[in-house]
Amino acid sequence: MPVAPRTRGRPPGLAGPALLAEARAVFLERGYTATTMDEIASRARISKSSLYREHPSKSELFAAVVADWAASGSDATRPMLERLAAAAEPRDGLVELGHGMLRGMLAPPVVEMRRLVITEANVQPEVAAAYRRDSWERNVAALATSFEALHRAGALTVDDPLAAAAEFTWLVVGAPLNAALLGERFDGLDAHVTSAVTTFLARYGTLGPAPLP
């Protein structure tokens, strides 16, 4: 864990990713407007001047926090995507991926960060746009690569892999994430994922509908 240089008689303070993690905790506790650089510096055990040297303003610190958070989850679905791309029949891989996407997107820290970014989107639209690009759009693009591989293998019929990946993402994540952002419970996730996959394969599958139970 990176730390700031230690001064005599004072415990080492935080720097780099550790400082961003502490700043993120403060932003989540207080909200952007109520958070002060003084409090972040105090929590990080560094001087305010040290904090400003690393992050010249609160808005720049917030942008760095959001970018660091987006980057930290960028490869979370990679193993599932690799298994999906290699599958001869994609249904099981899509179901696994759907559950993995929901575990990630509905995790309380992820929902809290999304709420924080949404709250500040009108004031700091560039931060919201970067968050969307580096999280949602990056994940959709990674899924599109898997769909392109499945199309080449004849396991899916996908003319536009990026559009198909966006459709699958919304089918799986849209309603549960909307409920989570509003603080509501979404029941029946297993059935929801199964239905989303069935709907997707009805449009893009090449092997026909799943057999009735």
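Helices are taken here as DSSP runs of H or I with at least four residues, numbered from the N terminus. On this basis the predicted model contains ten helices and zero strands, and its pattern along the sequence reads α-α-α-α-α-α-α-α-α-α.

Along the principal axes, the C-alpha atoms of the protein occupy a box of roughly 70 × 35 × 30 Å. Of the 213 residues, 42% are buried. Among contacts with a separation of 6 or more, 64% involve residues 24 or more positions apart. The accessible surface amounts to about 11500 Å², and carbon and sulfur atoms contribute 56% of this area. The charged side chains comprise 22 positive and 24 negative groups, with a distance of 9 Å between the centres of the two sets.

Helix α7 was examined in further detail. This helix covers residues 108-120. Its 13 residues, at 1.5 Å a residue, should span 18 Å, and the end C-alpha atoms lie 19 Å apart, so the expected and computed values agree. The buried residues of α7 are Val110, Val111, Met113, Arg114, Leu116, Val117 and Glu120. The list thus includes the charged residues Arg114 and Glu120. An α-helix has 3.6 residues a turn, so residues three or four places apart point the same way.

The buried residues of α7 pack against five helices, given here in sequence order. On the N-terminal side of α7 these are α1 (16-30), α4 (58-72) and α6 (91-105). On the C-terminal side they are α8 (125-152) and α9 (161-181).

Methods:
Residues are numbered from 1 along each chain as its sequence is written. This is a predicted model: local features need pLDDT of at least 70, side-chain atom pairs count only at pLDDT 80 or more; totals for chains, interfaces and linings use all residues. Side-chain values use heavy atoms; hydrogens and water are left out. Helices (H or I, at least four residues) and strands (E, at least two) are DSSP runs, numbered from the N terminus. Buried means under 20% relative accessible area, exposed over 50%, partly exposed in between (1.4 Å probe, protein chains only). Contact means heavy atoms within 4.5 Å. Accessible areas come from the Shrake-Rupley method with a 1.4 Å probe; for residues, only the protein chains shown count as cover. The place of a charge is taken as NZ of Lys, CZ of Arg, CG of Asp or CD of Glu. The expected span of a helix is 1.5 Å times one less than its number of residues.
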